[in-house]
Structure formats: C-alpha cells, structure tokens
Amino acid sequence: MKLGMISLGCSKNQIDSEMILGMLTKSDFSITQNQDEADLIIINTCGFIDSAKNEALEEIARVIAEKRDDQKLVVCGCLAERYKEFLEYNFPKIDLVISINEYPKFGELISHLFSIKNDNEQLSFHNRVLISSKYTPYVRIADGCNNHCAFCAIPLIRGKYISRDMDDIIKEVSGLVRNGAKEINLIAQDTSKYGVDNYHKLMLPSLLKELSNIEGIFLIRIFYIYPESITDELIDVIKNNKNIAPYFDIPLQHASNKILKYMNRHSTKESSIELINKIRTEIPNAVIRTTLMVGFPYETKKDFDELIDFVKEMRFFHMGAFMYSREEDTPSYNMKHRVPKFISKKRYDILMETQRRIALEEKKKLIGCTFDAIVDSYDEDSYTYSLRNYMFAPDDVDSSIIATCPFENDISLGDIVKVKIIDANEYELFGEIVEV
C-alpha cells in the first residue's frame, strides 16, 4: 500500500510527520508523492494561530474534493488535538482524526483502519523518514511548554514541558551523523528550559558540550531560546565551541514592559537589551534572530513606537513578526481593548519595513567576508548554489547565500565549501565559492 503525507506547520510538527512515516514504512506502506497513487493520505496539521488553522482546513477540503472513495484520509496534529470533534462533525469524509494524545497508539489506529497487522510499532525518534535534507535534520529535545504566555495555545495542545533523556538525544544525533548529517538543529518550544523537569536544572549547556564532541558535526544550531534562561554558562559554551553556531534565536515578542506584562512574559525591555549587549560583547560575530508581535490587546501607538525604537536600537540580523491572533481558551482571549485588525496590519507593515532597511544595512557589512558554508541545493537554470553558513537557519525565515563557482568543481549537496560574499540584499547574501 502507498502512503502520501502532507505535513503542515513548524519543524516540531515535521518531526512528528517523519516519525509517522518511519513507523508506517516499517509495516505495509511505501511513500508516494502522488496523491492519486496513495491508499492512505495523512494530513499533519498546525493549529497555532488563525492563519495556520485556515491553511489546514483549506488543505483538508482540497484533499476531500480530490480523493477517491477507496482512499483513506487521516488528519492528525495540533488542529486535530484542539478541534477533534469539530473536524469529525464538519468533515465526515475524514476516515480518522488522531489527536496528539492518541499518538502512542497511532500504528494501532491505522492498522484497524486497514485491517492489517500492527506489530505494536510505536513512534520513535530513532525511526524517522526525513522530509527535509538529511544533511541538516531537526532534533527535538523536549515537547510541551510551561511558560503560559497569554496569547499562546501551545500548552493547551502539547501539554506541560517534558525533556527527553540526554543519552537518548545523543544516540539519535549520533545516528543522524552516521547517516550523513552535517548540521544538527535543536528544537523545542523552549530549548533553554531543557532539563528542568527530569534533571531539575538547566541542562542545555551540558547537552551542547556532549553533542559538540560527536565527530563529523559541522554545526549545531539552537532554536527558540527564551531570554530569561540564557545563562552566562550557555553563552560561554557557545562561545568556546567552534561547531556550535553563535546563533541566538530569541523570541522577545515586544519591547513595551506594559505589553510584556499583559503577555505574561518574564523579561523586560531593559533585561532584553542587557542580554543582547552581553551576547554581542562576549561573541562579537553572534547572530541574533527574534520574533515580535503587533496588535496585542492594550497595545497603543506609544507601545508600538517603543517597539520600533527598540528594533532600530537592537538591529536584529533576522526578525520575524506576527499580528496577534485571538485564540480561544488562552488568557488573552477575553482581554479588553483589542486592537482593530487594520491597525495591526498597518503596524505590521511599518515594523517589517523598518526591519528590511536594517537587514539590508547589516548584510551589506558582510561584503568581502569569507565563510565556511554547507551546500543546500543547486539551481541548474541559473548555475547557482544555495549555501548556508552559521548565520542562516534551514527554515523559511532566514533565506540563504546564493553563490556561483567560477572554476570546475565536483560539488555535492552537503559539502562544506568556502564562499566569499560579493553582494547582498535585505534577505540574501551573494557570493563566489573560492574553495571546495
């Protein structure tokens, strides 16, 4: 039988998709990219904010409209966890809705759907079919979240924070490296809290030290590091290990202390400025990436202006932004003084335009510099390679380095090359490969 997977949402959700593929391909399924060929279609959904929910619902509707009666459709993921009854009632042509809480019996539920043997297969981090490049896989070190930000539904969907055992993570990373991985991307809803539940202290620095000793790793990158848990020890570990990227992905959300308090965030503008300045003092070549939100309840023009001034002062190399999404069952859902959507959109546009100018100026400073970089892809039409160094993550936020190679070469995906930067725009760097 053939299985088609549609994976929506974030890299954490992608790992679930990869484990599902790994489990099912160990039984009676082979993977197909063609929906018409599939006996089973699985849509792994995101349900974080309105835009993600709408994307998932549109994809479900599209698949239902196109699928044959003999094809089975399974919907799982965050939307299924939050709105299982809604999906079952409004989309009766879905054959099975599997919530995240039901993942321990995922294989059993599929086997019942097809009347096949299950052999008690479970989802496993050590049995994944990678959706993205095998050279730059993601590794999830924890699930869930205890931060309870006022706007966020993740604790409702994924539950409390649960760290993985360190030895199990090391085993997984070692296996990925043996399979060709060059860059390991550590993810969780909050990587900085790793270990607080099972080791009773912040263990990310210790984990990084262990992983950095695995032979063959070009780069280790950390995502979603909450500011209040970035310790001097963590900064020192990143500073003193050449294969740990000096890349700080810190979701700050806002700069107005009033708004941060309403958001139930644990940092302030002043503490964020102090932290960023400390990182840049200790690691001058550090890249800081952040995520900001506009339109949160009670946000005034004064609050927004403070945010813009903050962005101008901090000069982030990468910045993503969102308009507030009112999510039921979150603390902010019933907050008064909501910001009209048209004002949120205007503020979003101003924020992004401010960042575009900053990003262009920061990237122009790199012209003439030479970096080690990993080869991501090759475009036969333009004869250019897409590369990434420590400054660019393998997601849809950071873009990449677009490079030509002026000499005959035998470059393969996953190779490490040296690239000299010759130009830049607000999103990308442009360069020439100078050494293979």
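Start by selecting residues 50–66, which make up helix 2. Helix 2 lies across strand 1, strand 3 and strand 4, and the angle between helix 2 and strand 3 is about 170°. Here is how those words are meant. Helices (H or I, at least four residues) and strands (E, at least two) are DSSP runs, numbered from the N terminus. Axes are lines fitted to C-alpha atoms, for helices over the stretch in contact, with angles from 0 to 180 degrees between N-to-C directions; contact means heavy atoms within 4.5 Å.

Before you go on, remember that this is a predicted model, in which local features need pLDDT of at least 70 and side-chain atom pairs count only at pLDDT 80 or more, while totals for chains, interfaces and linings use all residues. Residues are numbered from 1 along each chain as its sequence is written, and side-chain values use heavy atoms, with hydrogens and water left out.

**Next stop: the sheet**

Now look at the strands under discussion. Five strands form an open sheet in the order 2-1-3-4-5, with parallel pairing. Strand 2 (30–31) and strand 5 (96–98) are at the edges with a single partner strand each, so one side of each has no neighbour in the sheet. Two strands count as paired if DSSP finds at least two bridges between them. Strands of a sheet pair through backbone hydrogen bonds, either parallel or antiparallel.

Select residues 2–7 to see strand 1, which pairs with strand 2 over two bridges. Click on L3 and you will find I31 of strand 2 opposite. Strand 1 also pairs with strand 3, in the parallel sense over five bridges; there, S7 has N44 as its bridge partner.

**Into strand 3**

Select residues 40–45, which are strand 3. Are its residues buried or exposed? Six of the six are buried, so strand 3 is largely enclosed by the rest of the structure. Buried means under 20% relative accessible area, exposed over 50%, and partly exposed in between (1.4 Å probe, protein chains only). Show the side chains: L40, I42 and N44 point one way, while I41, I43 and T45 point the other way.

Then add residues 72–77, strand 4. Strand 3 and strand 4 pair over six bridges, in the parallel sense, and I43 is matched with V75 in strand 4.

**On to strand 10**

Jump to residues 219–222, strand 10, and pick out R221. R221 is buried, with a relative accessible area of 0%. What lies 3.0 Å from a polar atom of the R221 side chain? It is the backbone oxygen of F392.

Move along to Y224, in the loop between strand 10 and helix 9 (232–240). Y224 has 22% relative accessibility and counts as partly exposed. Among the residues that Y224 touches, not counting those up to four places away in sequence, are S11, K12, I187, D190 and P251. Try F248 as well: Y224 and F248 are 24 residues apart in sequence and 8.2 Å apart in space, C-alpha to C-alpha.

**Last view: zoom out**

Show the whole chain, with its 13 helices and 18 strands. The C-alpha atoms fill a box of roughly 60 × 60 × 45 Å along the principal axes. Buried residues make up 55% of the 436 residues. Of the contacts between residues at least 6 apart in sequence, 73% join residues at least 24 apart.

Note on methods. Polar contact = N/O pair within 3.5 Å; in protein donor to acceptor, adjacent residues only side chain to side chain.
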